Amino acid sequence: MIVERTENPQWLSNAYLVADQEGGKGVLIDGNDELGPLLERAEQDGIEITHILVTHPHLDHVAGLAEAREKLGGPPMVAHPEAAAEIEEEVGETIGDGEKLSTGGLEIEAISTPGHAAGHLAFLVNGSDVFTADVLFKGTVGGTMAPGASGFADLKASVMRLMDLPHHTTIHPGHKDSTTIAAEWEQNPFVRIWRGLDSTGEEEVTVWGRPATLKLWAPDYDGGHKAWIVFGDSGEEAIVGGSQVEK
């Protein structure tokens, strides 16, 4: 199987070409305004891109898809119905949890992973590689306060559902570097707490002017930090960027 990645230098968001083989069939997963090299690789290797899969509708994951689709002759875009409603470009097919899409030698299963976005999907390809977008990254997890987010409980449940995949499964996240289920099971600080291995903190902080308790201060994919907090005025749990936290 061929997996080719590009990374947007500003957003650090990934887009992927996934194909069964040279001269075979493949898909694009997400857009990051850096799709040129993926299209060039497909042309060079004689790969027919039959579908464009969208994990969720945030700009840094759909940028450039309309132009790429036009260059490719209009293959259908595929997304969760809730995501499709938020995407300006016409979505030709919708896919829900547990549903599968086959093209060439690829079998792709949609896994519902809400939290960062209500209609967020991960895509499991041939049972060996999972494209997790903005729910699970190397060493961290996605935020729960972006537009369209469905909240902390959903995000936690989605991450732990992904942890049920075989440990050899390769994770291709929506930002920065790949990892494995095994590595995140053992090393991801959020997962370790949710497994009951480590304890939460109790530091009092401020987030957007609101009092909060800092449960976890962890590294983020961009070199900064992610924070799991509980707002003191509402009891709402959230995962936010570390830059939002005043200690």
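Is Trp208 buried or partly exposed? With a relative accessible area of 44%, Trp208 comes out as partly exposed, because that label covers whatever falls between under 20% (buried) and over 50% (exposed). Keep in mind as we go that this is a predicted model.

Let's stay with Trp208 for a moment. You'll find this residue in the loop between strand E17 (203-207) and strand E18 (210-219). Its phi is near 55 degrees, a positive value in a residue other than glycine. For background, most residues other than glycine have a negative phi. The two strands on either side run antiparallel and are joined by five bridges, and Val205 stands opposite Ala212 in E18. Together E17 and E18 make a hairpin with two residues between the strands.

Follow the chain onward and you meet another hairpin. E18 pairs with E19 over seven bridges, again in the antiparallel sense, with Leu216 opposite Trp228 in E19. Five residues sit between E18 and E19, and in that turn Gly223 has a positive phi of about 90 degrees. Then comes the pairing of E19 (residues 225-231) with E20 (residues 237-241), an antiparallel arrangement with five bridges. Here Lys226 stands opposite Gly241 in E20. This hairpin has five residues between its strands, and Gly235 in the turn has a positive phi of about 80 degrees.

Now jump back towards the start of the chain, to helix H1, which spans residues 36-45. Which of its residues are buried? They are Leu38, Leu39, Ala42 and Asp45. These residues cover an arc of only 140 degrees around the axis, so they end up on the same side of H1. Turn to the face pointing away from that buried side and you'll see the exposed residues Glu40, Glu43 and Gln44. As for what covers the buried residues, the list includes strands E1 (2-7), E2, E3 (25-29) and E5 (48-53), along with helix H2 (65-71).

Both ends of H1 have something to look at. Ahead of the helix, in the loop between strand E4 (31-32) and H1, sits Asp33. Like Trp208, Asp33 is a residue other than glycine with a positive phi; for Asp33 the value is near 65 degrees. Asp33 counts as partly exposed because its relative accessibility is 49%, and exposed would need over 50%. After the helix comes Gly46, whose phi is positive too, near 70 degrees.

For a contrast in exposure, try Ser13, in the loop between E1 and E2. At 0% relative accessibility, Ser13 counts as buried. Leaving aside residues up to four places away in sequence, Ser13 touches Thr6, Glu7, Asn8, Asn32, Asp60, His61, Gly174 and His175.

Last stop: the empty space inside. Rolling a probe the size of a water molecule over the atoms shows where such space is left. How many cavities of 30 Å³ or more are there? The count comes to one, and about 30 Å³ of space lies in the largest cavity. Its lining includes Asn14, Tyr16, Asp30, Thr55 and Gly174. Strands E2 (14-19), E12 (129-133) and E15 (170-173) each supply at least two lining residues, and E12 gives the most, with three. Sorted by class, the lining has five nonpolar, five polar and one charged residues.

Definitions and conventions: Residues numbered from 1 in each chain as written. Predicted model: local features only at pLDDT ≥ 70, side-chain atom pairs only at ≥ 80, totals over all residues. Heavy atoms only, no water. 1 Å grid on protein atoms, 1.4 Å probe; cavity = no way out; pocket = protein on both sides within 12 Å on 5 of 7 lines; lining within 4 Å. Points joined across faces, edges and corners; volume = space filled by probe spheres on them. Helix = DSSP H or I, 4+ residues; strand = E, 2+ residues; numbered from the N terminus. Nonpolar A, V, L, I, M, F, W, Y, C, P; charged D, E, K, R; others polar. Pairing = 2+ DSSP bridges. Buried < 20%, exposed > 50% of the residue type's maximum accessible area, 1.4 Å probe, protein only. Arc of directions from axis to C-beta. Contact = heavy atoms within 4.5 Å.
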